[in-house]
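Please keep the sequence and the three-dimensional view side by side while you read, and look up each part as it is named.

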Amino acid sequence: MSQTKIFTPNEINKAAALLKAGQLVAFPTETVYGLGADATNKKAVQQVYRAKGRPSDNPLIVHVASFDEVKPFAAKVPPAAEKLAETFWPGPLTLILPVKPGALSLDVTGGLSTAAFRMPENAATLALIRAVGHPLVGPSANTSGKPSPTSAQHVYHDLHGKIAGILDTGETQIGVESTVLDLSSEVPTILRPGQVTKEMLEKVIGAVAIDRHLVDEKEVPKSPGMKYKHYSPNADVYIVPHDLQVWQQAAAAFPGKKVGILAPASILEHFPGTVQFELAPHDTVEEAARNLFAGLRALDEEADVILAAAYPEKGLGAAYMNRLKKAAGGKFISRDN
Ligand code: TXA
Ligand code: MG
């Protein structure tokens with residue numbers, strides 16, 4: 001394949017025609033861009049793994065345009081799924097359900113007996129799914145191991161020449177991927193934190209657990225994807241707490257290296273003349289989550305070391321810190337080192 005075409009929301013039919021022909025088209029969502037293929041076309045789904053360089057045991061999310069579209073693929077739809085979809089769909093919540101045997105290829109499920117479903121909140125993408133007439137698989141549209149794409153330009157950077165097209169509706173709003181909730185286990189369990197938090201889920205369905213690997217780093221994650229290297233730029237990433245003295249110490253800690261600073265405006269202003277990316281103009285975690293992956297990608301072009309701001313691990317902060325810790329391989333700068 002040579003050219004990767006960029007489609008506007010006025011060209012949904014062109015993008016849909018490519019998908020119907022078994023080609024790959026990336027699509028925007030409210031979280032990050034996904035790499036779309038017709039979920040019912042085994043060959044097209046296999047291409048997704050190839051284009052991303054993704055390990056084949058890491059299953060894909062099936063993106064639907066309505067809750068009813070889940071039914072032909074799920075072995076059973078528990079009342080909790082229905083309630084959650086009513087409350088949060090379209091939106092950043094992925095539901096894991098037992099799959100109807102044979103309804104989805106093993107390439108979609110990574111050989112598991114469950115599958116992941118989500119209805120994204122993006123009008124153009126919902127129209128695209130409807131125009132194709134089948135759900136679309138959609139892993140984040142980055143090269144495997146790299147930060148997820150929050151703009152069509154990020155997708156183009158990683159995948160041009162490898163995919164047929166990109167539907168472009170500009171930058172995504174949330175910036176970190178959906179919450180993944182396993183409804184196939186006895187107690188509904190969060191496998192990946194996102195904007196929809198444990199507290200928000202519990203208001204709708206009662207007790208929700210958090211997968212042990214998210215609490216204890218030595219535990220093996222239940223979500224196959226969580227065990228792989230993730231969100232990693234080439235630069236070395238370190239997490240820095242919200243403390244100006246530690247920032248000053250961190251900025252001086254890498255003599256001879258090009259240091260890039262990914263922090264809110266209130267920190268950046270103390271480091272004039274350095275390589276910087278504004279993470280959060282008003283120092284909110286919503287802004288930080290929206291800009292995290294773009295900041296890692298931009299600073300990776302210029303710096304050997306990226307210093308990135310920590311946020312408290314509550315609300316969206318849990319998702320933000322989950323992604324940042326993976327990008328940093330767990331490396332923190334603290335007052336003493
Ligand atoms: O926000 C999102 O969820 C984005 C947008 C494009 O929708 N998609 C996304 O897909 O983040 P991906 O493939 O990068 O992440 C999906 C995660 C992986 O960690 C995968 O292992 C997990 O969901 N997953 C998929 N199916 C699963 C299953 N049956 N059981 C457990 N985990 C599953
Ligand atoms: Mg991903």
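**A walk through the model**

The side chain of Thr 40 makes a polar contact with the side chain of Asp 38, at 2.7 Å. This distance, like every value that follows, comes from a predicted model. Thr 40 sits in the loop that joins S3 to H2, and with a relative accessibility of 41% it counts as partly exposed, because that class lies between the buried limit of 20% and the exposed limit of 50%. Apart from neighbours within four places in sequence, Thr 40 is in contact with Phe 73 and His 134. The C-alpha atoms of Thr 40 and Val 62 are 9.9 Å apart in space, although 22 residues separate the two in sequence.

We turn next to strand S4, which covers residues 61-63 and holds His 63. Is His 63 buried or exposed? His 63 counts as buried, because its relative accessibility is 2%. When neighbours within four places in sequence are set aside, the contacts of His 63 are Phe 27, Arg 118, Pro 120, Ile 129, Pro 135, Leu 136, Val 137 and Gly 138. For Gly 138 a distance can be given as well, since its backbone nitrogen lies 3.5 Å from a polar atom of the His 63 side chain.

Helix H6 lets us see how burial can follow the geometry of a helix. An α-helix has 3.6 residues a turn, so residues three or four places apart point the same way. In H6, which runs over residues 152-159, the buried residues are Ala 152, His 154, Val 155, Asp 158 and Leu 159. Viewed down the axis of H6, these buried residues fall within an arc of 155°, and they therefore line one face of the helix. The face turned away from this buried side carries Gln 153 and His 157, which are exposed. The cover over the buried residues of H6 includes strands S2 (25-27), S3 (34-38) and S8 (165-167), together with helices H2 (42-52) and H11 (285-300). After H6 comes Gly 161, a residue with a positive phi, near 85°.

Now consider helices that pack against one another. Two packed helices are described by the angle between their axes and the distance between the axes. Helix H1 (residues 12-20) and helix H5 (residues 123-132) pack at an angle of about 50°, and their axes are 9 Å apart. This angle makes H1 oblique to H5, and the crossing of the two is right-handed. Among the residues of H1 that meet H5 are Ile 12, Ala 16 and Leu 19, while the H5 side of the meeting includes Ala 124, Leu 128 and Val 132.

For helix H3 (residues 79-88) and helix H7 (residues 198-205), the axes come within 10 Å and cross at roughly 120°. H3 is therefore oblique to H7, and their crossing is right-handed. Here Ala 80, Lys 83, Leu 84, Thr 87 and Phe 88 of H3 meet Met 200, Leu 201, Val 204 and Ile 205 of H7.

Two details of the backbone remain. Most residues other than glycine have a negative phi, and most peptide bonds are trans. The peptide bond from Trp 89 to Pro 90, however, is cis, with omega near -5°, and Pro 90 lies in the loop between H3 and strand S5 (93-98). Asp 283, which is not a glycine, has a positive phi, near 60°. Asp 283 belongs to the loop between strand S14 (275-278) and H11, and its relative accessible area of 27% makes it partly exposed.

How values were computed:
Residues are numbered from 1 along each chain as its sequence is written. Chains are lettered from A and ligands numbered from 1 in the order in which they are written. This is a predicted model: local features need pLDDT of at least 70, side-chain atom pairs count only at pLDDT 80 or more; totals for chains, interfaces and linings use all residues. Side-chain values use heavy atoms; hydrogens and water are left out. Buried means under 20% relative accessible area, exposed over 50%, partly exposed in between (1.4 Å probe, protein chains only). Helices (H or I, at least four residues) and strands (E, at least two) are DSSP runs, numbered from the N terminus. The arc is that of the directions from the helix axis to the C-beta atoms. Contact means heavy atoms within 4.5 Å. A polar contact is a pair of N or O atoms within 3.5 Å; within protein, one must be able to donate a hydrogen and the other to accept it, and residues adjacent in sequence count only if both atoms are side-chain atoms. Axes are lines fitted to C-alpha atoms, for helices over the stretch in contact, and angles run from 0 to 180 degrees between N-to-C directions. Angles under 35 degrees count as roughly parallel, over 145 as roughly antiparallel, 65 to 115 as roughly perpendicular and the rest as oblique. A crossing is left-handed if the near helix is turned anticlockwise from the far one by less than a right angle, and right-handed if clockwise.
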